[in-house]
Amino acid sequence: MNIEEKLRQSNLLLKQLLLHTSPVAEDENKQNEEEIEAIDESIEKYEAEVEELKQKLANEDNYKRTKSDFELNERPLVEELIAESISAEREDIFKSNQLYRKQQEQQTKMLGVYNGEVSKLKDEIKNIEVRLNKDSIAKKRGIAKKLHLSDSEVVDLQLELNYKQELIQEGNQVIEICAEEIRRYGRLITENNARLKTLTEKEQRLSDLLFAKEKKAKSEIDKYKIRLDQDELSKKISGLKALKNRKEFLLYDPSEEIKKQIKQNEEILATLEKTTTKLDEETVIDEKWPKTIIYNKEDTKGPVEEKMSEEVQPTTTDFKPIDPAKSIIKAPEKAIVKEDDTPKELIEILDAPQELKKQKLSDKVKQAWTKWRDKAIATAVAAAITITAGMGLSKLVNDSDKEMPNVDITHQDNLPNLDENIDFTIKPEITPNTPSNDENKEDISQPEDFAPVEPITPEVEKPVVEETKQEAPKVEVTTPEIPEVEVETSEVKPQVPQEEVKPELPKEEDAEVKLEGIVNNSDIETTVLQTEGEFVDILLKNGEYVCVKYGDNGENVPSEITIKYIGTDMYIYSPIVNTKSL
Amino acid sequence: MENRINKVIKLSDNKLYYLLKQAVYNNDSYYTAVEVTDDMQALTEEFTLLHEINEDGKIFFAKVVEPKMIQMLLKYMKVPE
């Protein structure tokens, strides 16, 4: 069933469905209307709320935080007072320390003066004591009368001695007092330093607290409130959507949808017909085909389709030949050829370095090759389908039309059908054990030309196969060069009277075909050959040549071909000789 | 119909191709080839199918683009051996 038929059938079903679509009951309709009214009111309310929330969310100023009196006034004042207090106390400590140090200096100076005085007094006392001692000794011994002191002089010296001793005593007291003062001021300075240290610590703590307050300060925008409103908004939007869906459901009229679908299908059908017409015109390009193709489409009409007969009317179109140069549709094969694919001239042929040969056998290259191969096949299949679809759209239309002349629109395709047997040879790799192909070049003989088979008309019931049957010449063992025999036939296409049609030939038994390839002497070396219409692998197993062929999935399956090895050449004998040369 | 398997060809666009497999169809040679780096020391992952064309004694290589031909060639050309 082609696309047009499917669309038509779909339309028929849709129309039947339309007929069976029952109208809504009156009371149910009233109930629905009431519900719709209520829904409309709710929708209006929801929409207003949604709009309000959206506007609120659009301006962040709506979410600014409000600060307390403590945050705004008290706290900064307290912080300021503490900072001032610390500053004042530090200043006080510095001042008192300065004073203490000054006092210490004065006391130290005084201590130095008294120490000097005491030392001087001690020397003087010592001199006095020496004088008195000399006087005493001179008097006792009655010598050195000049040294004798009078009694008054002795008294005076004694009084001076006592006086100086008193002065020393007083000086020592002052010295003690000064030392004590110096120590006291030292203690006061130490205490002040301790206070200063504590004060510095307090100041540091205060600074840390202020920094932390700045750092941890909350954003001015209350994001939590924003999130709450966003949640609320999404809830309201969901609710709004649900209300609209409900309203849509209540208002839904399937018949309208069905009608719309039917109309769409009809538009597609009309487009398809236009496209088909263009492609059919393209098929006229080839001179082998009739210059005028007359379409006479008559669709099978069903009970409902008869009603549609006005819409989908079988058409009769008379197409005139189209100048290929003016055709807007390119040949599909040409269309897929890219500019880059133009032939490139061979500049140089080099022997591949050993490194490349090693890489060729690596798993990485094999995997990449397999991946590329699969992709290329898939792409090729897709391209082939596109070409067939493009070229064969008219054929699709015509398939259902038995009265339409069956035009083989693939007549321009000169490429082989993959399902057919192909005259195809895979060359073996040249290895040190393999003689060069150039040596065998002469052995590769061209297929023997046969007289062209006369085209037959569809009226011919049986093709005269005896006339085309060819006996392949037997191989002369002593002759190294034996011409290869290939029987060329063509597939019979009875539907196409204009084309040369060759009758299908029967298979010939035990024909002899020359080998186009060399088998290596390794245990299992594959050489793929072309026998008559069949690909085979020749495997050398245990000294004997075994022939296998490829199955549909690429696997090896036993082949009926037998192999004969004669001297340097190898011949294969195949029961199949019917090569379809394309 | 020369056997060019394991040969490296240099084409007019200065690309180097290492010929992995060769097939003969209608007396024309087709190759599975992989592009080679300029220093000829490594294979790239750029595989292609090439068709050898002989015109007035000059040899050209064209990429095979016909889907059916690609299918046919790849059906019988297996993993590099």
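Begin in the loop between β1 (7-11) and β2 of chain B, where B:Asn14 has its place. The model on your screen is a predicted one, and at this stop B:Asn14 shows a positive phi of about 65° although it is not a glycine. Most residues other than glycine have a negative phi. With 53% relative accessibility, B:Asn14 counts as exposed, because the cut-off for that class is over 50%.

Next, select B:Asp56, which is found in the loop between β4 and β5 (58-63) of chain B. Its phi is near 50°, again a positive value in a residue other than glycine, and at 84% relative accessibility B:Asp56 counts as exposed.

Now colour the whole of chain B by secondary structure. Which elements does chain B contain? Its secondary structure comes to 1 helix and 5 strands, and, followed from the N terminus, the elements run β-β-β-β-β-α. Of the 81 residues of chain B, 59% count as buried, and among its contacts between residues at least 6 apart in sequence, 28% join residues at least 24 apart.

From there, go to the helix of chain B, α1, at residues 67-76. Is this helix largely enclosed or largely open? Since 8 of its 10 residues are buried, α1 of chain B is largely enclosed by the rest of the structure. The buried positions are B:Pro67, B:Met69, B:Ile70, B:Gln71, B:Met72, B:Leu73, B:Leu74 and B:Tyr76.

Keep B:Leu73 selected and add B:Tyr18, for these two touch the most other members of the largest nonpolar core, a set of 27 residues. The elements giving two or more residues to this core are α9 (363-391) of chain A together with β2 (16-25), β3 (28-36), β4 (43-55) and α1 of chain B. In soluble globular proteins, nonpolar side chains tend to be buried together.

Centre the view on B:Tyr18 and display what surrounds it. Neighbours within four places in sequence left aside, B:Tyr18 is in contact with A:Ala352, A:Leu356, A:Lys357 and A:Lys360 of chain A, and in chain B with residues including B:Asn6, B:Val8, B:Thr32, B:Val34 and B:Leu43.

A:Leu356 leads on to B:Gln41, which lies in the loop between β3 and β4 of chain B. Outside its neighbours within four places in sequence, B:Gln41 is in contact with A:Glu355, A:Leu356 and A:Gln359, and it is partly exposed, with a relative accessible area of 41%.

Move over to chain A and select A:Gln107 in helix α3 (residues 69-141). Is A:Gln107 buried or exposed? It is buried, with a relative accessible area of 11%, and, not counting residues up to four places away in sequence, A:Gln107 touches A:Cys178, A:Glu181, A:Ile182 and A:Tyr185. One of these, A:Cys178, also belongs to a second, separate core of 13 residues, which includes A:Val118, A:Ile125 and A:Ile128 as well.

For the last stop, show helix α2 (residues 26-58) and helix α5 (residues 223-251) of chain A, which pack at an angle of about 155° with their axes 9 Å apart. That angle makes α2 of chain A roughly antiparallel to α5 of chain A, because angles over 145 degrees are counted in that way. The two helices pass each other in a left-handed crossing, and their contact has, by class, 14 nonpolar, 4 polar and 12 charged residues.

Terms used
Residues numbered from 1 in each chain as written. Chains lettered and ligands numbered in written order. Predicted model: local features only at pLDDT ≥ 70, side-chain atom pairs only at ≥ 80, totals over all residues. Heavy atoms only, no water. Buried < 20%, exposed > 50% of the residue type's maximum accessible area, 1.4 Å probe, protein only. Helix = DSSP H or I, 4+ residues; strand = E, 2+ residues; numbered from the N terminus. Axes fitted to C-alpha atoms, helices over the stretch in contact; angles between N-to-C directions. Parallel < 35°, antiparallel > 145°, perpendicular 65-115°, else oblique. Left-handed = near helix turned anticlockwise from the far one by under 90°. Nonpolar A, V, L, I, M, F, W, Y, C, P; charged D, E, K, R; others polar. Core = buried A, V, L, I, M, F, W, Y, C linked by side-chain atoms within 4.5 Å. Contact = heavy atoms within 4.5 Å.
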